[in-house]
Amino acid sequence: MMKSFIEVDQESDFPIQNLPYGVFTTETQSTKHIGVAIGEYVLDITLLEAKGFLTEALNGAQNIFNQGVLNPFLALKNDVWHQVRKTLQSLLSIDNDTIQSDSSLKEEVLIPRSIITNHVPISIGDYTDFYASKNHATHVGTMFRGKDNALMPNWTSLPVGYHGRASSIVMSGTDVRRPLGQTKPKEVEQPIFGPSKQLDFEYEMGFIMGYGNQLQSPINVNEAKNHVFGMVIVNDWSARDIQAWEYQPLGPFLAKNFATSISPWVVTLEALETFKTEGPTQIPEPFDYLKDTSTKNSYNLTLETYLQPDNEKEVQIAQTNYNSTYWSIAQMVAHHTITGCNLKTGDLLATGTISGKNQNERGSLMEITWRGENPIRVNNVKRSWLEDGDTLTLKAYAQGENYRIGFGEVVGKILPAHQNI
C-alpha cells in the first residue's frame, strides 16, 4: 500500500491516498496559497509550482496555483489533474527523498494545519441545489401531502433542482445568524415578521465542476463524470417556517439564501474511485439522456451529523450513507445541461438533503423530529429545531483498509437574529 514519509494516523481523513485540495493563509502569510492536506499538515503546492516541481505535470501551463482559487487548475481537465496528483503522491512517498531529505524545503512546503486559516477554495459562479434523495423527498412529501401522495408525479422521471445563491456560500467555521423573514403560523390569519423559529440544517454533498460545456451543447450522461473535479460537504441551512410561506408557487428563496456552508477540502473523484458502488434501482427506466451505463455510479460514503447545544457535549444525531442517493452525479449534470445550459468551471452542484429510511439516518431536523412533532433529546435538552448557540458539525468519509478518505468537517454555530431591523 502507498505510504507517505509523513506519519498519518489510520483514522485521519487525509492519508496519501486522498490529498484533497484547499486554499489557506497563515498569520505570517496573508496571500492565499493552494495546498493539499496530508495528515496533520498541508503541502503548499503554490510554492512547489514556483520552485518548478510541477512544470512537467502541468504540461507547460503556468501560474496555475498562485491565483488564490482552484479554478485555473480545474479548467485544465482530467489528464493534468491526474498527473499533478501522481506527482504530489510521489513527492510525499516514503520512497522519495526530494522533500523528506531536504530539511529546509520540508519546513518551507509542509505547514501544520493547526496554524492555517482555510478559505473557500473555488470561485463559485453558480450554485444549483438538487433534490436527489428519494428517502428525503418521501419523508417531506408524506409530512405535507400524506403517504399516498408523498412523491410529486415528476420525481422519478427527472432530477428536480433549483438555482441557489452562490454569493452566500461560506467556509466551514463561519457563524450563521438566524434569519428574519415572513412566516404564517397555523394559529394566525395574517403573516407575521420576525426571526425564524424553525431553523434547520440539510446534509448534502456538493460536486465541483472542473471544465464545463459551451452554451447549447449538452453534456452526455456517460461523459459527465469527466467534467466533475471533486466533492465537498454542504450544509444548506434552511428556515423551514419562512420556506413554508414563501415557496408557493416558485420554490425556495429567502429560506435558503442567507448561508450555505461547505467543507474546506475538495476531495477528488479520483481519490474516491475505489469506493464507487451501485446506486438504487431506478423505476421507471430513465429517458435515454439520463441512462448512466456505468455499473457503479454512486459512492460508499459515511455521512455523520453532530449537534452541540451551548454548554453541552456534542452528540451524534444521525448517520447515513451517500449510496442511498437516487439520482447520480452524472445524471444531475446531464439533466442540468440537456436544454443547452452551460456549466462553468467552479460551479457548485449539490445533491439536496441525503437521508436514509430510519430516524437516525435522516439529513435534517425536519425529518428527524418529524416537523418538530417528536423532539429529540441532546444530553440535558430537547430539540425540535436549531436554537441560538447550537453548533452543528457534518463529517464524511470513505473507509478503506487501514486508511480512510475523509472530507474534514463542516461546522457552524447559530447566532441570534439581528434586533435592529
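These legends accompany a set of close-up views of a predicted model.

**View 1. The annotated domain span, from residue 129 to residue 405.** Let us start with the stretch that carries a label in the UniProt record. An unreviewed entry there annotates residues 129-405 as "domain: Fumarylacetoacetase-like C-terminal". In the model, this span is 12% helix and 29% strand. The C-alpha atoms at its two ends lie 24 Å apart.

**View 2. Helix H6 and what covers it.** Helix H6 takes in residues 134-145. With 12 residues at 1.5 Å a residue, H6 should span 16 Å, and the 15 Å between its end C-alpha atoms agrees with that. Its buried residues are Asn 135, His 136, Ala 137, His 139, Val 140, Gly 141 and Met 143. Helix H9 (365-368) is included in what covers these buried residues. Just after H6 comes Gly 146, which has a positive phi, near 95°.

**View 3. An open sheet of five strands.** Follow the strands across this view in the order S9-S26-S25-S20-S21; their pairing is mixed. Strand S9 (176-177) and strand S21 (315-321) are the edges, each pairing on one side only. S9 runs parallel to strand S26 (residues 404-415), and two bridges join them. A handy landmark is Arg 177, which stands opposite Leu 415 in S26.

**View 4. Strand S14 and its three antiparallel partners.** Strand S14 (residues 228-235) is mostly covered, with eight of its eight residues buried. Strand S13 (residues 203-209) runs antiparallel to S14 and is joined to it by seven bridges. Here you can find Tyr 203 opposite Asn 235 in S14. Strand S17 (residues 267-268) also pairs with S14 in the antiparallel sense, over two bridges. In that pairing, Gly 230 faces Thr 268 of S17 as its opposite residue. Strand S16 (residues 260-262) is another antiparallel partner of S14, again with two bridges. There, Val 234 has Ile 262 as its bridge partner. As a reminder when looking along any such element, side chains in a regular strand alternate between the two faces of the sheet.

**View 5. Two nonpolar cores.** The largest nonpolar core has 56 residues. Phe 201, Met 205, Met 231, Leu 301 and Val 333 are those with the most contacts inside this core. Helix H8 (residues 329-337) gives the most to this core, contributing five residues. What does Val 333 touch, leaving aside its neighbours within four places in sequence? Val 333 is in contact with Phe 207, Met 209, Ile 219, Ala 224, Val 228, Leu 343 and Leu 349. A second core, separate from the largest one, has 45 residues and includes Ile 45, Leu 74, Leu 105 and Val 109.

**View 6. Salt bridges between separated loops.** Side chains of opposite charge can pair when their charged atoms come close. The model has 12 salt bridges by the rule used here. In one of them, the side chains of Arg 113 and Glu 40 meet at 3.7 Å, N to O. Arg 113 sits in the loop between strand S4 (110-112) and strand S5 (117-119), and Glu 40 in the loop between strand S2 (29-38) and strand S3 (41-44), so this pair ties together parts that are 73 residues apart in sequence. Arg 113 is partly exposed at 23% relative accessibility, while Glu 40 is exposed, with a relative accessible area of 54%.

Arg 178 and Asp 388 form another salt bridge, with their closest N and O atoms 2.8 Å apart. This pair links distant parts of the chain, 210 residues apart: Arg 178 is in the loop between S9 and strand S10 (180-183), and Asp 388 is in the loop between strand S24 (381-383) and strand S25 (391-399). Is Arg 178 buried or exposed? Arg 178 has a relative accessible area of 8%, so it counts as buried. Asp 388, at 36%, is partly exposed.

**View 7. A salt-bridge pair and a salt-bridge network.** The side chains of Asp 288 and Lys 291 meet in a salt bridge of 3.1 Å, N to O. Asp 288 is exposed, with a relative accessible area of 61%, and Lys 291 is partly exposed at 29% relative accessibility. Elsewhere, a network of salt bridges links Asp 200, Glu 202, Asp 236, Arg 240 and Lys 256.

Conventions
Residues are numbered from 1 along each chain as its sequence is written. This is a predicted model: local features need pLDDT of at least 70, side-chain atom pairs count only at pLDDT 80 or more; totals for chains, interfaces and linings use all residues. Side-chain values use heavy atoms; hydrogens and water are left out. Two strands pair if DSSP finds at least two bridges between them. Helices (H or I, at least four residues) and strands (E, at least two) are DSSP runs, numbered from the N terminus. The expected span of a helix is 1.5 Å times one less than its number of residues. Buried means under 20% relative accessible area, exposed over 50%, partly exposed in between (1.4 Å probe, protein chains only). Contact means heavy atoms within 4.5 Å. UniProt positions are given in the numbering used here, feature names are shortened, and annotations may be inferred rather than shown by experiment. A salt bridge is a side-chain nitrogen of Lys or Arg within 4 Å of a carboxyl oxygen of Asp or Glu. A nonpolar core is a set of buried Ala, Val, Leu, Ile, Met, Phe, Trp, Tyr and Cys residues joined through side-chain atoms within 4.5 Å.
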